[in-house]
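Student: I'm new to this structure. Could you pick one part and walk me through it closely?

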Amino acid sequence: MGDNAVVNTRPPTIYDVARSAGVSKSLVSLVLRGSPSVSEARRTAVLEAVERLGYRPSQAAAALAGATTRTIGVVIDDWRNLWFVELLRGLQEGLAPHGLRIAVADHTLNAHVEAHPLDGFLSMRVDGLVIATEPTGAMRVPEGLPVVVAGHREGVVPGAEVVANDDRLGARLATEHLIGLGHRGIGHLTGGGGAARLRAEGFAAAMAAAGLEPRTVAGHGATTEEDGYAAAVRLLDAVPETTAVFAANDTMAMGALAAAGERGLRVPQELSVVGYDDSPIASTHLLRLTTVDSRNAEIGAVAAERLVARIGGGPDTGAAVLLEPELVVRGSTAAPRATG
């Protein structure tokens, strides 16, 4: 063979297996799917050809052939949101023992593409779905497909179960912590979505119970760091006597910390800040953020448990599972500084 000869390194295909075994492609598919309708002689011939050629069937081909993909599709709405880190960990730990894996798609990342990522998952023939974003009319979930919605959402997915933390309770815990420290000028930074709405309601309820005026400010409509920064700037400019801020999530709290720093406000001496979700950044030495543990990993684990039960033929309970959040106090909150 000359130096310029081309070596064919193409991986074997199902057609190669069929030719080597002397059978049709359809019969190879039946063998790979474990069909009992194939004779032992032909099954042996196919399996020997598979071994001889080193053939490895693709998951896509298996799905098209009617086999399960052993895959759970997860739709998120912002890969930058640290809320998903623990959620995905809980999902993975709950699904792995059952031979199920995760495929993740961010529908905002490719918003310029007309097709919704849900369509791609359905084409893959996933065994179940976790919707961790706001459901929209574009989400056409087929009847009978196991679906769990993670977190509180404004929209409803018919037939889906919901696994979330008690957002109203978590917001009350955060607000009552600040009130208990002696704060009276407390502002809330909020954004879009069902969880943010419930957290705003919990904040308002706690403030009303204490006879205090709730001040709620939104950023640009979402719950990103930039939204937190914009909302904090508006709050601190409009109400400079604010001594504490409760943000709808840890990411918005980071924006609030940046806004405080620009104004020379020391945290927590001159401004206390509370987040929500207890994301990985909250416990860092740099932030030491007081926050609410929304049990994200457990939400993922329970979602996995419900999906496995549904895939196994269990009933659709249609119930909402609410996990109880817990306040985690760190260094970003303290009693307000005495004045006068």
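Tutor: Sure, let's take helix 3 and begin with what it touches: its buried residues pack against helix 1 (14–21) and helix 2 (25–32). Before going on, note that this is a predicted model, where local features need pLDDT of at least 70, side-chain atom pairs count only at pLDDT 80 or more, and totals for chains, interfaces and linings use all residues. Residues are numbered from 1 along each chain as its sequence is written, and side-chain values use heavy atoms, with hydrogens and water left out.

A few words on terms. Helices (H or I, at least four residues) and strands (E, at least two) are DSSP runs, numbered from the N terminus. Contact means heavy atoms within 4.5 Å. Buried is under 20% relative accessible area, exposed is over 50%, and partly exposed lies in between (1.4 Å probe, protein chains only).

So which residues of helix 3 are buried? They are Arg43, Val46, Ala49 and Val50. These cover an arc of only 130° around the axis, which puts them on the same side of helix 3; the arc is taken from the directions from the helix axis to the C-beta atoms. The general background is that an α-helix has 3.6 residues a turn, so residues three or four places apart point the same way. Now look at the face turned away from that buried side: helix 3 carries the exposed residues Glu40, Ala41, Glu51 and Arg52 there.

What about its length? Helix 3 covers residues 40–53, and at 1.5 Å a residue its 14 residues should span 20 Å; the end C-alpha atoms are 20 Å apart, which agrees. The expected span is 1.5 Å times one less than the number of residues. Right after helix 3 comes glycine 54, with a positive phi near 70°.

To place this helix in the whole, the chain has 11 helices and 12 strands. Buried residues make up 46% of its 340 residues. Of the contacts between residues at least 6 apart in sequence, 70% join residues at least 24 apart.

For a contrast with the two-sided helix, try strand 1 (residues 71–76), where six of six residues are buried. Thr71, Gly73 and Val75 lie on one side, with Ile72, Val74 and Ile76 on the other, and both faces are covered.
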